[in-house]
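Reader: I am new to reading protein models. Could we go through this one together, one question at a time?

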Amino acid sequence: CLRARVDVTDGAPRHAAVVHCPSCSSYLEPPRRCTRAAPESAELLPLLLRRVQRPIQRLGVTLTAAEFVFTEPHSKRIRLRLRLRREVLPGRGLALERDHAVEFTVHDRLCDPCGRARAGPDQDQWCAVVQLRQRASHRRTLLHLEQRLAALGAAGSATRVDVTGAGGIDFFFASRSHAAGLVTLIASLAPARVADAARQLVSHDTKSNTYRHRHAFSVELCPVCRDDLVFLPREASRALGGLG
């Protein structure tokens, strides 16, 4: 009788949307992160649940189970069967469970990396660059830092990494935030001087009033390395308390 009178799924969302990149088979996690996942995979399930979990929690309903329901691949639909649980008589510990179906509409749209590659493979589509330099004859700090960054996978989001003729390294990124994150990591690993980011206007759409800029971060490592012999002038030695 309680099940006939009380609808546990009342107010729960029945429809949602998800953005899919047909080129790399990734799904968009707002605002800009993309995750690669196969259809009806374990990676796709938590991504879809995050789209409906917040509205469900506002209703005081607990999600106890979730599973995929088969749909045709060309239907552009993903169906989930959720098991919802709600306490109907507070204080008595009586709760009801009921199945609830949610249908996701799949919208095909290229992700940012695929869109740039599709727009022009021969064009330079980077948005930010980190120019790492050490003005020394041996550059031991630069070589050590390069190994640390490779071990940490810090340049995994870079679209291109170039070694310059001056002995420096340029990291190109499609996002300014990724470049700023690398600069912060470098400053935490080695003594460095970071210049203010330079910005250059690339294009301007007057109709939508949107601007496209390129950002350049200049990071200069300290030229003094461990075991270096440093000569201090007499005045500098006195200012430092007689340092040898």
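Reader: Let's begin with a single residue: what is the relative accessible area of D228?

Author: Happy to! This is a predicted model, in which local features need pLDDT of at least 70, side-chain atom pairs count only at pLDDT 80 or more, and totals for chains, interfaces and linings use all residues. Residues are numbered from 1 along each chain as its sequence is written, and side-chain values use heavy atoms, with hydrogens and water left out. Buried means under 20% relative accessible area, exposed over 50% and partly exposed in between, with a 1.4 Å probe and protein chains only, and D228 is partly exposed, at 29%.

Reader: Which residues does D228 touch, leaving aside those up to four places away in sequence?

Author: D228 is found in the loop between β12 (210–221) and α6 (234–239); helices are DSSP runs of H or I with at least four residues, strands are runs of E with at least two, and both are numbered from the N terminus. Contact means heavy atoms within 4.5 Å. By that rule, and not counting residues up to four places away in sequence, D228 touches H138, R140 and P223.

Reader: Now the sheet: what is the order of its six strands?

Author: Strands of a sheet pair through backbone hydrogen bonds, either parallel or antiparallel. Two strands count as paired if DSSP finds at least two bridges between them. Here the six strands make an open sheet with mixed pairing, in the order β3-β2-β1-β6-β5-β4.

Reader: Which strands stand at the edges?

Author: Look for strands with a single partner strand, so that one side is left without a neighbour in the sheet. The twist averages 35° from one strand to the next. The edge strands are β3 and β4 (62–69).

Reader: How many bridges join β2 to β3?

Author: Strand β2 covers residues 26–29, and strand β3 covers residues 33–36. They form a hairpin with three residues between them, and L28 stands opposite C34 in β3. The two strands run antiparallel, and the number of bridges joining them is four.

Reader: Which residue in β2 stands opposite C21?

Author: Strand β1 (residues 15–21) and β2 run antiparallel, joined by two bridges. In β2, S26 and L28 point one way and Y27 and E29 the other way, and all are buried. The residue opposite C21 is S26.

Reader: What is the phi of S25?

Author: Most residues other than glycine have a negative phi, and most peptide bonds are trans. S25 is found in the loop between β1 and β2, and S25 is partly exposed, with a relative accessible area of 36%. Although S25 is not a glycine, its phi is positive, at about 55°.

Reader: Where is K76 found?

Author: K76 has a positive phi of about 55° although it is not a glycine. At 35% relative accessibility, K76 counts as partly exposed. K76 is found in the loop between β4 and β5.

Reader: What is the bridge partner of V19 in β6?

Author: Strands β1 and β6 run parallel. Six bridges join them. In β6, V19 has as its bridge partner H107.

Reader: How many bridges pair β5 with β6?

Author: These strands form a hairpin with four residues between them, and G91 in the turn has a positive phi of about 90°. E87 stands opposite A95 in β6, while R79 has E103 as its bridge partner in β6. Strand β5 (residues 77–89) and strand β6 (residues 94–108) pair in the antiparallel sense, and the number of bridges is 12.

Reader: Turning to helices, at what angle do the axes of α4 and α5 cross?

Author: Axes are lines fitted to C-alpha atoms, for helices over the stretch in contact, and angles run from 0 to 180 degrees between N-to-C directions. Helix α4 spans residues 140–152 and helix α5 spans residues 176–189, and their axes come within 11 Å. The axes cross at roughly 125°.

Reader: Which residues in α5 does α4 meet?

Author: The α4 side of the contact consists of L145, R148, L149 and L152. Across from them, in α5, are L182, L185, I186 and L189.
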